[in-house]
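Hi,

Here is the structure I promised to pass on. Have a look, and my notes follow below.

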Amino acid sequence: MSKTKFDKAVQIVQALPKDGPIKPTQDDQLYFYSYYKQATIGDVNTERPGLLDFTGKAKWDAWSKVKGTTQEEAYAKYVEKLLAVLTAAGTDDAKQYIEEINAA
C-alpha cells in the first residue's frame with residue numbers, strides 16, 4: 001500500500017463531518033487512530049494514561065494492540081478499513097471517496 005493512498009485516506013477520515021451520512025463507529029475510529037499512530041510514529045512510546053482518562057486509555061490500548069505492525073502494514077490496514085466503511089455506507093459521497101483513494 002502506498003503512502004499516497006494512506007495520506008488520501010487520512011485526509012478523507014479527517015474531513016468526514018460528524019453528522020454526515022458516513023459515520024464510522026467508535027470502534028472504527030479507534031482502529032483508524034491506532035493504525036494512524038502506528039504508521040506515523042511506530043510502536044506506542046508513552047505511558048498508559050491515568051485512571052480517569054477514559055478516552056486516553058482507550059486510544060492508548062488500541063495503539064498498543066497493534067504494536068509490532070510495520071509501517072507498510074499499518075498503511076494497508078488503515079486504507080482497507082476506510083474502504084470497507086465507505087463501501088458499507090454506499091452513498092454517492094462514499095463512492096467518490098473510494099474513487100479518490102483508488103486513483104491516488
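**Helix H2 and its surroundings**

Helix H2 (residues 26-40) has 15 residues, which at 1.5 Å a residue should span 21 Å, and its end C-alpha atoms are indeed 21 Å apart, so the two agree. The expected span here is 1.5 Å times one less than the number of residues. Keep in mind that this is a predicted model, where local features need pLDDT of at least 70 and side-chain atom pairs count only at pLDDT 80 or more, while totals for chains, interfaces and linings use all residues. Residues are numbered from 1 along each chain as its sequence is written, and side-chain values use heavy atoms, with hydrogens and water left out.

The buried residues of H2 are Asp28, Phe32, Ser34, Tyr35, Lys37, Gln38 and Ala39 (buried means under 20% relative accessible area, with a 1.4 Å probe and protein chains only). Their cover includes helix H1 (3-15), helix H3 (54-65) and helix H4 (71-89), going by contacts, meaning heavy atoms within 4.5 Å. After H2 comes Gly42, with a positive phi near 110°.

Now the whole chain. The protein chain has five helices and zero strands (DSSP runs of H or I, at least four residues, for helices and of E, at least two, for strands, numbered from the N terminus). Of its 104 residues, 38% count as buried. Among contacts in the protein chain with a separation of 6 or more, 72% are between residues 24 or more positions apart. The C-alpha atoms fill a box of roughly 40 × 30 × 15 Å along the principal axes.

Cheers

Methods: Buried means under 20% relative accessible area, exposed over 50%, partly exposed in between (1.4 Å probe, protein chains only).
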